[in-house]
Amino acid sequence: MTEVWRALGLPGLIDVHTHFLPPSVQAKVWAYFDDAGANYGVDWPVRYRGTVPERVAQLRALGVRAFTSLVYAHKPGMAVWLNDWAAGFAADTPDCLRSATFFPEPGAHNYVRAAVEGGARVFKAHVQVGGYDPLDPLLDPVWGVLADARVPVVIHCGSGPMPGRHTGPGPVGAVLARHPSLRLVIAHLGLPEYHEHLDLADRYPGVYLDTTMVGTDFTEKLAPLPADVGPRLAGHADRILLGSDFPSIPYPYGHQLDALVRLGLGDDWLRRVLWANGAELFGMGPA
């Protein structure tokens, strides 16, 4: 796996979709995956279940030079606490891009603005877990703040692994129609609605997609990539970003890179996905 980025002449990897959560939240997330047979109908053995320092060290050893903590709120009153925790984590972990989140609640635009002004470089929105409508009027000023600030939002809006009340390309497409300059990173390439979310990238230059779990043996059994999606991924070579979902993945980290290699889209595409696109999005400079 290390040979992939080294062979491409890269200094390492930029992973836009990793999670570091407060211990109590992380324990609940892992408990959910431990019961994945009941929740998803498949086993989901979490691969990287060490302590926070151990997990940070593992990412660094894998060659990940920049990553995210991607906290996400699923109820009112949670986001500010998560944002404060993530700010502290990023302060102690210089290679972590400071992350933040929000929820549709009164005052959300105020704490989002405060997070942006405090140095947040990426936000996470989880439409499926949060169970909220991204078109909620309480979020309209939030999207406006983020569009004006040009801060990316990694958004889980696809209907996999299970559909939610507001998942799918329709709601997020309506948000983009209102705020066309938003920088949205569609998590998991929008699985299983791959083509429909790529359509959004066709229409909006600020739409990116991350590779989280896409093309892996695990995901191919649940939401296989369409055979005709390759040319579209090649056509958006400048807006596909490496994502992994570390640490809660049911296979070794390197399998994600292997899955991208076997797409057969070439070395230049891989260089953009594994490093250059993330470096440009977050102002990190060229390799």
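This is a short walk through one protein chain, from its overall build to a few local details.

First, the ground rules. The model is predicted, so local features need pLDDT of at least 70 and side-chain atom pairs count only at pLDDT 80 or more, while totals for chains, interfaces and linings use all residues. Residues are numbered from 1 along each chain as its sequence is written, and side-chain values use heavy atoms, with hydrogens and water left out.

Now the whole chain. There are 14 helices and nine strands; these are DSSP runs numbered from the N terminus, helices being H or I with at least four residues and strands being E with at least two. The radius of gyration is 17 Å, close to the 19 Å that the globule rule gives for 287 residues, so the chain is as compact as a globular protein of that length. That radius is taken over C-alpha atoms, and the rule is 2.2 Å times the number of residues to the power 0.38. Along its principal axes the C-alpha trace spans about 50 × 45 × 40 Å. Of the 287 residues, 58% count as buried, where buried means under 20% relative accessible area, with a 1.4 Å probe and protein chains only.

Next, the sheet. Six strands form an open, parallel sheet in the order β4-β5-β6-β7-β8-β9. Its edge strands, β4 (99–101) and β9 (240–241), each pair on one side only. Pairing here requires that DSSP finds at least two bridges between two strands. Between β7 and β8 (residues 207–210) there are three bridges, in the parallel sense. In one of them, L184 has V207 of β8 as its partner.

On to the pocket. The largest pocket has a volume of about 750 Å³. A pocket is an open set of points on a 1 Å grid over the protein atoms alone, where a 1.4 Å probe fits, with protein on both sides within 12 Å along at least five of seven lines; lining residues have an atom within 4 Å of a point. The volume is the space filled by probe spheres set on the points, which are joined across faces, edges and corners. Which residues are closest to the centre of the largest pocket? Of the 34 that line it, they are V29, F33, Y72, H126 and V129. Helix α2 gives the largest share of the lining, seven residues.

Some backbone details now. Two peptide bonds are worth pointing out: G160 to P161 is cis, with omega near 0°, and L191 to P192 is cis, with omega about 0°. P161 is in the loop between β6 (153–156) and α9 (169–178), and P192 is in the loop between β7 (184–186) and α10 (194–203). That second loop also holds H188, whose phi is near 60°, a positive value in a residue other than glycine. H188 is buried, at 7% relative accessible area. L70 also has a positive phi, near 35°, and lies in the loop between β2 (64–68) and α5 (79–92). Its relative accessibility is 0%, so L70 counts as buried.

Last, V151, in the loop between α8 (140–149) and β6. V151 is buried, at 8% relative accessibility. Leaving aside neighbours within four places in sequence, its contacts include V116, F123 and R183, contact meaning heavy atoms within 4.5 Å. V151 and L281 are 130 residues apart in sequence but 9.1 Å apart in space, C-alpha to C-alpha.

Terms used:
Buried means under 20% relative accessible area, exposed over 50%, partly exposed in between (1.4 Å probe, protein chains only).
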